[in-house]
Amino acid sequence: MKGMKLTGIIILLCILASTLFSCTSPENKILNSLGEYKDYICYTEGAFQDYTDYAKYYYDSVDFTHNKYFSKIQPSDFDVLNEHLDNFESWIETFREGDASREIVVHYDFDRSLIDCEDYLYIKSEKHTWSDGTTSLEYYDVYFFDIQTNTLYFFHNNI
């Protein structure tokens, strides 16, 4: 009887872990607003609340006409987007220094030259203000849709 309870608890923990450590949840309203993707890849580093995700979702086409989340990138968005990408890439570099064979390090291939004013963007982020008045990104989800390749790039950091 004890063994069955332990087995049940282990199975439950495995199921819970598999739902917590994925690039996006099945109920991700931002991702779902784009319709069905044809394929995706996702790399995660970290666990539970302290983790970093990099994912690419491939689409045949997406209609942004009535999408309430994504906006066409404006020149004024470049600074905010680059701030998040700089932070994300600093974490990739930190992971590389620890172990260059980590999947997220090996497969991180985002090229900023893809960014133009035909693309779409959604950013959700929070900053922390330190006692000296400086701020730093604490949590963010960046969804960048490259219209020329019909690829959604997803960057998440919560460390």
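Which residue does the side chain of Arg112 meet in a salt bridge at 2.8 Å, N to O, besides any other partner: what is the name of that residue? The side chain of Arg112 meets that of Glu89. The model discussed here is predicted.

1. Overall fold. The secondary structure consists of four helices and six strands. Along the sequence these elements follow the order α-α-β-β-β-α-α-β-β-β. Of the contacts with a separation of 6 or more, 62% are between residues 24 or more positions apart.

2. Burial and surface. The chain has 159 residues, and 35% of them are buried. The exposed area of the chain is about 9700 Å². Carbon and sulfur atoms supply 53% of that area.

3. The salt bridges around Arg112. Arg112 and Glu89 form their salt bridge at 2.8 Å, N to O. Arg112 is in the loop between helix 4 and strand 4 and Glu89 is in helix 3, so the bridge ties together parts that are 23 residues apart in sequence. Asp86 also meets Arg112 in a salt bridge, again given as 2.8 Å, N to O. Here too the link is between distant parts of the chain: Asp86 belongs to helix 3, and 26 residues separate it from Arg112. Because these salt bridges share partners, a reader can follow Asp86, Glu89 and Arg112 as one network.

4. Exposure within this network. Glu89 has a relative accessibility of 25% and counts as partly exposed. Arg112, at 25%, is also classed as partly exposed. Asp86 is partly exposed at 45%.

5. A further salt bridge. The structure holds eight salt bridges. One of them joins the side chains of Glu83 and Lys127, at 2.9 Å, N to O. Glu83 is in helix 3 (residues 77–98) and Lys127 in strand 4 (residues 120–129), so the pair, 44 residues apart, links distant parts of the chain. Glu83 counts as partly exposed, with 31% relative accessibility. Lys127 falls in the partly exposed class as well, at 45%.

6. Aromatic pairs. There are 23 aromatic pairs in the structure. In one of them, the ring centres of Phe110 and Phe155 are 5.2 Å apart and the planes stand at 85°, so the pair is edge-to-face; the cut-off for that class is over 60 degrees. Phe110 lies in the loop between helix 4 and strand 4, and Phe155 lies in strand 6, so this pair ties together parts 45 residues apart in sequence. Both rings belong to buried residues: Phe110 has a relative accessible area of 9%, and Phe155 has one of 1%.

7. The aromatic cluster. Twelve names are listed for one aromatic cluster, among them Tyr37, Tyr40, Tyr57, Tyr59, Phe64, Tyr120, Phe145 and Phe154. Tyr69, Phe70, Tyr122 and Tyr143 are also in this cluster.

8. The largest nonpolar core. This core has 20 residues. The members that touch the most other members are Tyr54, Leu81, Phe110, Phe144 and Phe155. At least two residues of the core come from each of helix 3, helix 4, strand 5 and strand 6. Helix 3 gives the largest share, five residues.

9. Phe144 in that core. Which residues does Phe144 contact, leaving aside its neighbours within four places in sequence? The contacts of Phe144 include Leu81, Phe110 and Phe155, which are also among the core members with the most contacts to other members. Phe144 further touches Ile73, Leu114, Ile115, Asp119, Tyr120 and Leu121. Thr151, Leu152 and Tyr153 complete the list.

10. The second core. A separate core holds 16 residues, including Ile30, Val62, Tyr69 and Phe154. Tyr69 and Phe154 are also named in the aromatic cluster.

11. Asn150. Is Asn150 buried or exposed? Asn150 counts as buried because its relative accessibility is 18%, and the cut-off for buried is under 20%. Asn150 sits in the loop between strand 5 (135–146) and strand 6 (151–157). Not counting residues up to four places away in sequence, Asn150 touches Tyr57, Tyr58, Tyr59, Asp60, Ser61, Val62 and Phe145. Of these, Tyr57, Tyr59 and Phe145 are listed in the aromatic cluster, and Val62 is in the second core.

Methods: Residues numbered from 1 in each chain as written. Predicted model: local features only at pLDDT ≥ 70, side-chain atom pairs only at ≥ 80, totals over all residues. Heavy atoms only, no water. Buried < 20%, exposed > 50% of the residue type's maximum accessible area, 1.4 Å probe, protein only. Contact = heavy atoms within 4.5 Å. Salt bridge = Lys/Arg side-chain N within 4 Å of Asp/Glu carboxyl O. Phe/Tyr/Trp six-rings, centres within 6.5 Å; stacked < 30°, edge-to-face > 60°. Areas by Shrake-Rupley, 256 points an atom, 1.4 Å probe, with all protein chains shown as cover. Core = buried A, V, L, I, M, F, W, Y, C linked by side-chain atoms within 4.5 Å.
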